[in-house]
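Reader: I would like to learn how to read an enclosed cavity and the elements around it. Where do we begin?

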Amino acid sequence: EITALALCCALSACTSAPTRQDAELFATARVVTDFESYDLRRVGLLPLLHDELLAEQSASIQSGFLGEFSRSTPFEVVCLDSADLAEIPGSDPYRRGWYDPRTIISLARRYKLDAVFVGTLADTQFFAPQRISAQVDLVACETGASIWTGAVHLDASDSHVRESLMLWREESTSDDYRGSEPNDLALISPRRFARFAAWQLAQLL
């Protein structure tokens with residue numbers, strides 16, 4: 001009987017439902033060799049840059065990235081918006097398409113940051129099938145240099161992306177989504193899709 005019980009337990013373990021850790025990763029990352037030497041505790045998150053992004057779309061994406069980076073990384077993540085940038089001299093990222101290093105240093109001093117997430121959206125589609133392509137640099141305030149760069153491209157028309165998204169969704173226990181969430185919400189909500197992209201990147205941090 002003991003042998004039979006042990007066999008049943010083993011079979012049960014083998015047939016257990018897949019978890020979000022089984023979700024396929026589509027993100028890639030490059031990291032500097034001395035990454036571990038940086039003491040990173042408090043990290044700012046700047047709005048992701050895109051030439052044609054509407055204000056509400058930008059806010060939705062940043063909210064998704066903030067939620068997942070706060071949950072899935074060891075950092076205290078501080079959300080910074082356009083109003084914070086407006087107070088920093090010499091910053092015009094939406095016209096230039098990049099952040100001046102002086103902006104990073106000024107933000108670090110003002111908000112006591114160890115590093116800043118600086119992101120760029122290369123491609124987005126906010127209706128089904130959604131798409132998002134993003135590159136995020138983790139810039140150390142100590143040096144002004146990027147010490148980690150992650151990139152992800154997600155296209156919901158790809159069955160592998162949809163399968164991975166559904167596995168991730170099943171274990172999303174955030175209070176924002178607990179309860180009766182429709183099965184397809186992650187496929188049609190820009191915030192949810194952005195959060196999935198951020199989770200992909202966070203797995204490599």
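Author: What follows goes from the cavity to its lining, then to one residue and one helix. The model is predicted.

Reader: How many cavities of 30 Å³ or more are there?

Author: The count is 1 cavity of 30 Å³ or more. About 40 Å³ of space lies in the largest cavity.

Reader: Which elements supply the lining of the largest cavity?

Author: At least two lining residues each come from strand 4, strand 5 and helix 8. Helix 8 gives the largest share, 3 residues. The lining includes I61, T124, R131, F193 and A194. By class, the lining residues are 6 nonpolar, 3 polar and 1 charged.

Reader: Is T124 buried or exposed?

Author: Buried means under 20% relative accessible area. T124 has 17% relative accessibility, so T124 counts as buried. T124 is part of strand 4, residues 115–125. Leaving out residues up to four places away in sequence, T124 touches H50, L53, I61, R131 and I132. Of the residues it touches, I61, R131 and I132 also line the largest cavity.

Reader: What span should helix 8 have?

Author: Helix 8 has 13 residues, 190–202, and at 1.5 Å a residue the helix should span 18 Å. The end C-alpha atoms of helix 8 are 18 Å apart, which agrees.

Reader: How many residues of helix 8 are buried, and what do they pack against?

Author: In helix 8, 11 of the 13 residues are buried, among them F193, A194 and W199. The buried residues pack against helix 2, strand 5, strand 6, helix 6 and helix 7.

Notes
Residues are numbered from 1 along each chain as its sequence is written. This is a predicted model: local features need pLDDT of at least 70, side-chain atom pairs count only at pLDDT 80 or more; totals for chains, interfaces and linings use all residues. Side-chain values use heavy atoms; hydrogens and water are left out. Helices (H or I, at least four residues) and strands (E, at least two) are DSSP runs, numbered from the N terminus. Buried means under 20% relative accessible area, exposed over 50%, partly exposed in between (1.4 Å probe, protein chains only). Contact means heavy atoms within 4.5 Å. The expected span of a helix is 1.5 Å times one less than its number of residues. On a 1 Å grid over the protein atoms alone, a cavity is a set of points where a 1.4 Å probe fits but cannot get out, and a pocket is an open set with protein on both sides within 12 Å along at least five of seven lines; lining residues have an atom within 4 Å of a point. Grid points are joined across faces, edges and corners, and a volume is the space filled by probe spheres set on the points. Ala, Val, Leu, Ile, Met, Phe, Trp, Tyr, Cys and Pro count as nonpolar, Asp, Glu, Lys and Arg as charged, and the others, Gly among them, as polar.
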